[in-house]
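Let's take a friendly look at the cysteines and a small piece of the fold. Have the structure open as you read.

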Amino acid sequence: MERRDFIKKSCLTCAGLSLSTALMQSCSSAYVVMGSIVDNRIALKKSEFFYLKKEKPMIREWVLVKTEKIPLPIGVYRFDDHKYAATYLECAHQQCEVAPEGDHLQCPCHGSEYSNTGKLQKGPAEADLKSFPLSTDEEHIYILLK
């Protein structure tokens with residue numbers, strides 16, 4: 001193997017390992033639930049934000065909701081017991097799927113960043129993410145699709 005080929009393959013291997021590690025780390029923090037659309041809304045149980053870690057109660061910031069009829073997930077962010085935000089996770093730049101990164105969303109394709117309510121923070125995208133109105137009761141969050 002020539003030196004140039006060796007360097008090229010080594011660089012590609014390192015880049016691939018780095019990317020796969022980053023993707024695995026970002027996927028591990030995302031909690032996904034399947035939802036169904038009834039009367040143009042999706043019901044999400046508030047209890048989906050709570051879990052136990054080593055017998056200690058924990059709260060998720062994000063829950064991603066997938067349905068059979070909507071191509072990408074809807075990210076639901078929890079501010080507190082009564083305040084939530086729902087955002088369609090499609091980047092306004094080139095329609096890549098954005099991912100939760102702490103309290104914001106980031107596009108892995110070109111680096112656009114959005115707030116936890118879908119407001120554009122950093123381009124190259126030039127528009128906010130699509131957001132959905134919500135309603136709640138004691139047990140559920142309802143994502144209104146109209």
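## Two cysteines without a bond

The sulfur of cysteine 91 has its closest cysteine sulfur in cysteine 107, at 3.8 Å, which is too far for a bond. This is a predicted model, and a disulfide is counted here when the sulfur atoms lie within 2.5 Å. Seen from the other side, cysteine 107 also has cysteine 91 as the home of its closest cysteine sulfur.

Are these two residues buried or exposed? Cysteine 91 is buried, at a relative accessible area of 2%, and cysteine 107 is buried too, at 3%.

## The disulfide

How many disulfides does the model hold? The count is 1, and it is formed by cysteine 96 and cysteine 109, with sulfur atoms 2.1 Å apart. The partners are 13 residues apart and link distant parts of the chain: cysteine 96 lies in the loop between strand 8 (83-88) and strand 9, and cysteine 109 in the loop between strand 10 and strand 11.

The torsion about their S-S bond is about -105°, so this disulfide is left-handed. Cysteine 96 counts as buried, at 17% relative accessibility, while cysteine 109 is partly exposed, at 38%.

## The sheet alongside these loops

Strands 9, 10, 11 and 12 make up an open sheet of 4 strands, in the order 9-10-11-12 and with antiparallel pairing. Its edges are strand 9 (99-101) and strand 12 (120-122), each of which pairs on one side only.

Strand 10 (residues 104-106) and strand 11 (residues 113-114) are joined by 2 bridges in the antiparallel sense. Here glutamine 106 stands opposite glutamate 113 of strand 11.

Terms used:
Residues numbered from 1 in each chain as written. Predicted model: local features only at pLDDT ≥ 70, side-chain atom pairs only at ≥ 80, totals over all residues. Heavy atoms only, no water. Pairing = 2+ DSSP bridges. Buried < 20%, exposed > 50% of the residue type's maximum accessible area, 1.4 Å probe, protein only.
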